[in-house]
Structure formats: structure tokens, C-alpha cells
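Biologist: I am new to this model and would like to know how its descriptions are justified. Could we go through them together?

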Amino acid sequence: MQTENKTMKQLMQEKWTKRPLIISGPCSAETEEQVIETATRLAKTGKVDVLRAGIWKPRTKPGLFEGIGAKGLSWMAQAKKITGMPTTVEVATAKHVEDALHFDTDMLWIGARTTVNPFSVQEVADALRGVDVPVLIKNPINPDLELWTGAIERIQKAGIKQVGMIHRGFSNYGNTEYRNAPMWHLPIEMKRRFPEMILICDPSHICGNRTNLQSISQKSIDLDFDGVMIESHIDPDNAWSDAKQQITPERLSEMLDALIWRSEATDKQEFITALATLREQINHVDDELLALIAQRMKIADKIGEYKRANNITILQTNRWNDILQKAINKGDKLGLSQDFITKYFDAVHLESINHQNKVMNS
Ligand code: PEP
Ligand code: MN
């Protein structure tokens, strides 16, 4: 057992540094047969690095399937024995950690509903003190990067060396295209904060269906993510949880084949030179844009002085609507989306108001 353990540890170590890192398996462990058959068919694809399964399921409403509990861990151990794949499960309490480690789970992850709660994250962190196991931390369900960052810090402070992030999207009110909005700028900001940390995308929980899995996976690759975690099931339509988003191991294999893996850098000289030239151009344009915006604010300052002298309000709604509508129309002709124009003009307008406010109340 000792040597077998050591080998698994080394294998997990290799997987941790492998790119792309592919994690797959059912949303929930349901039966021994389902876990083993899923694992066997995943292993047969030769493309999956780590086997996942939910053992304890945090369900929004009572009465739904809340996970098979600790006995699922022995099925995972059995699946590992048969396929040689390391395993990962979600933990949310100290007892989960204890049970998962007791069954030699090779990697743990903290779910989105746990990351939001510092009490729970701290409980998990305390249970992990002195343990050497990789931990992936999902983003919190709400778009709050401080909570995500805080959870990472708590786990790191407990002495865990191998900490990674999973982007699974952010919950939103009302029906949208996605079950959880990807809000890509948020994982991008986390990459900036933790440049050395591995970042995995979970397209299954972003999409909530099978249709968009491929495009979301591709998008994450194009943003230089380190891998994907995708739910798979031998009979997706009859899964006990998240039936709509799971795919068979064979479909997963096809999907992985169709993805185009790109690398962040290359040493091809032609590419490096072309990119450097284009980036230089972008730098010039950015400088000009900034100078123009500064010029716009100087004009706003002047308007502020006139408004102060004549006791006129800063905000004149009609004028603002007019500017925005014209910009949207122009932007459309220039290939700029309404969403971008609105955000950009909102930001410029707000800065302009702040400038005028200073002038009028100084
Ligand atoms: C899961 O991975 O099955 C899960 C419960 O995910 P999340 O925490 O992202 O909702
Ligand atoms: Mn799920």
C-alpha cells in the first residue's frame, strides 16, 4: 500500500504540471456500477487525467439527491485501482476532508457554495493543516473576487502548497444564455493576481446544457486556462443530478479532439516580430486615446466653470441620452458593440461628472 500510495502521489504530481489538465467524471457518484463504468470508459479514451465525482452534494432545495455519502469514496478508490486514474471529490466540512483522505483521494476541490462562506472555508483549511494534497478552489457563486481570493489565502495559510482555481461562472437572476454567467474578466483578473496558480475552466456548470460546452471550453483555452473539468456520465439523461449538462465519456472524447489547444508563447521569430509590431501600434493608439480623453476632461472642466457661474445642474439627462444614442449608432457602423459603447460612455460620463463636480464645488 505504501509503494502504491507513493506512485499515486508521483502521478498526481505529474498531472498537476501537465497541460492541458483534463478532469472528468459524474456530477454525483450514484452507484458503484455507474462510478466504475464511467471511470473505465473515461480511461479508455486515454485523454482524462483525473476522475471526479460529487460525494456530498450541496443542493439549493431540500428533497433533491444530496449525494451518496462516504460509501461513494470506496467506489472511487475501486475505480482508481481498476483504471489507475487519480481521483478528486468536493469537500465542504472537516468530516468530508477526513473521509476523503481516509480513502486516499488524490485531490480535493472546494465548491462554489462553500467558497462564499469563510466559516466553512476556514473549517476545511483547519482540517487540511499538515496534509499534503492538491486543492482546487471554485469561484464563489456571486461575482466577488475578494471571497475567492480569501478562500485561496485561507487554504494556503493552512500550509497547502498545491492550490489551484476553478472558474465555474457566477449565478445571476433570471434566464440567460448560461446557467452561470462566465464573466471572463473575473478569472482573467484572478490570473493577474495569481500568475503562477493553475486555473481550470468548468464549462459544465457555466453552460448548464450540452450545447455550449465546446465553445466555452475553446474560449477558456484561448484565454490560456490550464485545463477543463467536464462532467460525464454513462447515461446522462438519467443522471441523479445535473442531467442536462452531462455527456458520455465517448462524447467527451470527441469534444476534446475537436478543441484547438494553443500555447501562450512560441519561439518562432516571424510570429514574435509580427506580434511586437502590432503591439507597438496598439501602444501608440492607447497613448492617443488617453491624451484625447484627458482633453475631453479639460473641456468638461470648462463647462463646469460655466455651469457654476450660471447655477446650472451638472447632469442634463436629454443631452446625455443624445450623446449615447449617437455613439451607439456610430459604433454600430464601426463594428463596436452596443454593450461596449454603453460601458465605455458610462465610464467617460462618470469621470466627466466627477471633474465638473470638483470644479463646481471647489
Ligand atoms: C459540482 O462540481 O458538481 C458542483 C457542485 O459544482 P459547483 O460547486 O460549481 O456548483
Ligand atoms: Mn454538477
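Modeller: Gladly! Keep in mind that this is a predicted model. Around ligand 1 are Cys27, Arg52, Lys57, Glu90, Trp109, Gly111, Ala112, Arg113, Lys138, Arg168, His205 and Glu231.

Biologist: What makes these residues count as being around ligand 1?

Modeller: A residue is listed because one of its heavy atoms lies within 4 Å of the molecule. By class, this shell has seven charged, three nonpolar and two polar residues.

Biologist: Why is the pair formed by ligand 1 and the side chain of lysine 138 called a polar contact?

Modeller: An oxygen atom of ligand 1 is 2.8 Å from an N or O atom of the lysine 138 side chain. The cut-off is 3.5 Å, so the pair qualifies. The side chain of arginine 168 qualifies too, at 2.6 Å, and so does that of histidine 205, at 3.3 Å. Taken alone, ligand 1 exposes 300 Å², and the protein buries 97% of that.

Biologist: Where does ligand 1 sit?

Modeller: In the largest pocket.

Biologist: How do you know which atoms are donors to the manganese ion (ligand 2)?

Modeller: Cys27 (SG), His205 (NE2), Glu231 (OE) and Asp242 (OD) coordinate the ion at 2.1 to 2.4 Å. Donors are N, O and S atoms within 2.8 Å of this metal, so these atoms count. Along the chain, their spacing is C-x177-H-x25-E-x10-D.

Biologist: Which elements hold glutamate 231 and aspartate 242?

Modeller: Glutamate 231 is in strand E8 (residues 227-231), while aspartate 242 is in the loop between E8 and helix H11 (249-258); they are 11 residues apart.

Key: Residues numbered from 1 in each chain as written. Chains lettered and ligands numbered in written order. Predicted model: local features only at pLDDT ≥ 70, side-chain atom pairs only at ≥ 80, totals over all residues. Heavy atoms only, no water. Polar contact = N/O pair within 3.5 Å; in protein donor to acceptor, adjacent residues only side chain to side chain. Areas by Shrake-Rupley, 256 points an atom, 1.4 Å probe, with all protein chains shown as cover. 1 Å grid on protein atoms, 1.4 Å probe; cavity = no way out; pocket = protein on both sides within 12 Å on 5 of 7 lines; lining within 4 Å. Sits in = over half its atoms within 2 Å of the grid points. Nonpolar A, V, L, I, M, F, W, Y, C, P; charged D, E, K, R; others polar. Donors = N, O, S within 2.8 Å, 3.2 Å for Na, K, Ca; no water. Helix = DSSP H or I, 4+ residues; strand = E, 2+ residues; numbered from the N terminus.
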